[in-house]
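Visitor: I should like to learn how to read several features of a protein model, beginning with a helix. May we look at the structure together?

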Amino acid sequence: MPPSSIRQQRVLGTKWVVLLCIGCFWIGTLCTGKVWSTQMTPGPPRAMGDFERILLAQQQHKQLQSEEEEEELDGFEFRTPKDSSETKEILDHVTHLHSSIRTLDKNMVSLEAELSATLKHHEEEESKTMKQLTSGSYSSSLKHPQEKQEDRIQGKVQKEETRAVEKEETKSESSDQDKKQTQAVMNYLKWRNNSSVQRGAKKVFMVIGINTAFSSRKRRDSVRQTWMPGGEKLKRLEEEKGIVMRFVIGHGAIRGGILDRALEAENNIHHDFLRIEHTEGYLELSAKTKIYFATAFSLWDAEFYIKVDDDIHTNVGMLAQTLATHRHKPAIYIGCMKSGPVLSHRGVKYYEPEYWKFGEKYFMHATGQLYAISRNLAEFIANQEKILKRYANEDVSLGSWFLGLDVEYVDDRNLCCPTPPTCENRAKAGKWCVASFDWSCSGICRSVQRLSEVHQKCGEREGAVWNVTL
């Protein structure tokens, strides 16, 4: 190829290269401007890719960390409360802190004042004692031994004189108390006689009410055959000794029903029942006891009213002799006093529905097998019959009625002796028990079969009740 054509191709190639570069530059400029305009112009955001999300999350995390570090460095800052209630709570808390600080300041000031006063008082006392010791020792050292002995003798004489005066005063006070007590007894007897005349009630020494039920015919027969006299002896005991004995029972659920008719037939034979206005039932013993005392008080003006169960053994003569020692006492409550746990579990025997009123243990009260109360207490029950609270157990109910009264409690263990051999040994020694029963059965176990045996071994001598001096 000729050299002129080669040169011409090189020139043309260079020109085309320059033109291509310029064209690419302008094309790139146009394209870049378009992209910038699309990025600057607002529009709907496009969807981010995974990489952009990761970058954004890292930026947010760094921003949160920086904010937390700034908060930690700045310390506690006052945060604007969101609502008025939060503002009030903060202000109340601040006010409470200020008042507590003021109170502590006042207490500290008062304690400092008391401490200084106490120290000053102790210093004064110590100085006084020191002066007294020094002056006393100096004056005593100046005394003659004979003068000291005379002082001792004079002190003994003064002590004897004061003792004699105190003895005279105690004697006069005791005599005044005896006079007052005698006068009170006389006033009580006078008032009792007047009230008995006004009521028209028969005056007797004691009324024994034997608690029984419709189903206890065999128990009643065993009592009649052992320790309770019957027939003419029962009337004679009432007329000569003033001792009334009755089986206490109410009526059946159906008045005039078969139960009431059977009891009327039994009463026509023995004439030893006290019928009261009460519907019989085991859960109604508290009401029955209250009605019994009220009824007995209305019929007889007795010095004592006794409640006895029909499954225990009783020596009537010993009972009368025991009560005679407590005559002319205005308010007396005699029995075997006890205080057992309150049973709060439903379904157990002696369950107390109102257990929460008593606590863990009952107050002191007489066990329900036998107890006696004086006339004033029976009158109280009769007058307050409608408002006296009844609990599940009749002995607890009776004890609760006397809690607020000025009553003398007499705990006599002769009223609750165990069955043979205990009561038998006492009978052989001439110290008969008033009542005997088995604690495990709350009476004599199988009393219908065993009452005769217990009476033979533990019963008082025949005719003992007729020899009691009342």
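Visitor: Which exposed residues does the face of H7 turned away from its buried side carry?

Guide: The model before us is predicted. An α-helix has 3.6 residues a turn, so residues three or four places apart point the same way. In H7, the face turned away from the buried side carries Ile258, Arg261, Asn268 and Ile269, which are exposed.

Visitor: Which residues of H7 are buried?

Guide: Asp260, Leu263, Glu266 and Asn267 are the buried residues of H7. Viewed down the helix axis, the buried residues of H7 fall within an arc of 125°, so they line one face of the helix. They pack against helix H5 (217-224), strand S2 (243-251) and strand S3 (273-279).

Visitor: How far apart are the end C-alpha atoms of helix H7, and what span should its 13 residues have?

Guide: A helix can be checked against a rise of 1.5 Å a residue, by which the 13 residues of H7 (residues 258-270) should span 18 Å. The end C-alpha atoms of H7 are 19 Å apart, which agrees. Just after H7, histidine 271 takes a positive phi of about 55°.

Visitor: How should salt bridges be read, and how many are there?

Guide: The criterion is a side-chain nitrogen of Lys or Arg within 4 Å of a carboxyl oxygen of Asp or Glu. By this rule there are 28 salt bridges. One of the pairs is arginine 275 with glutamate 264, whose closest N and O atoms are 2.9 Å apart. Because arginine 275 lies in strand S3 and glutamate 264 in helix H7, this pair ties together parts eleven residues apart in sequence. Arginine 275 is partly exposed, at a relative accessible area of 28%, and glutamate 264 is also partly exposed, at 37%.

Visitor: Which residues are linked in a network of salt bridges?

Guide: The network links Arg217, Arg220, Asp221, Arg224, Glu266 and Asp272. Among these, Glu266 is one of the buried residues of H7.

Visitor: With which residue does lysine 307 form a salt bridge, and how far apart are the closest N and O atoms?

Guide: The partner of lysine 307 is glutamate 394, with the closest N and O atoms 2.9 Å apart. Lysine 307 belongs to strand S4 (residues 300-309) and glutamate 394 to helix H11, so the pair ties together parts 87 residues apart in sequence. Both lysine 307 and glutamate 394 are buried.

Visitor: Is aspartate 395 buried or exposed, and which residue does its side chain meet in a salt bridge?

Guide: Buried means under 20% relative accessible area, and aspartate 395 has 11%, so it counts as buried. Its side chain meets that of lysine 338 in a salt bridge (3.5 Å, N to O). This pair links distant parts of the chain, with aspartate 395 in helix H11 and lysine 338 in strand S6 (residues 332-338), 57 residues apart. Lysine 338 counts as partly exposed, at 32% relative accessibility.

Visitor: Leaving aside neighbours within four places in sequence, with which residues is aspartate 395 in contact?

Guide: Those contacts are Tyr333, Lys338, His365, Ala366, Thr367 and Gly368. The C-alpha atoms of aspartate 395 and glycine 368 are separated by 5.0 Å, although these residues are 27 apart along the chain.

Visitor: Which residues form a nonpolar patch on the surface?

Guide: Val18, Ile22, Phe25 and Trp26 form such a patch, with about 450 Å² of accessible area together. Tryptophan 26 lies in helix H1 (residues 3-40) and is exposed, with a relative accessible area of 53%.

How values were computed:
Residues are numbered from 1 along each chain as its sequence is written. This is a predicted model: local features need pLDDT of at least 70, side-chain atom pairs count only at pLDDT 80 or more; totals for chains, interfaces and linings use all residues. Side-chain values use heavy atoms; hydrogens and water are left out. Patches are made of residues with over 30% relative accessible area and no salt bridge: like charges are joined within 9 Å, nonpolar side chains (Val, Leu, Ile, Met, Phe, Trp, Tyr) within 5 Å. Accessible areas come from the Shrake-Rupley method with a 1.4 Å probe; for residues, only the protein chains shown count as cover. Helices (H or I, at least four residues) and strands (E, at least two) are DSSP runs, numbered from the N terminus. Buried means under 20% relative accessible area, exposed over 50%, partly exposed in between (1.4 Å probe, protein chains only). The expected span of a helix is 1.5 Å times one less than its number of residues. The arc is that of the directions from the helix axis to the C-beta atoms. Contact means heavy atoms within 4.5 Å.
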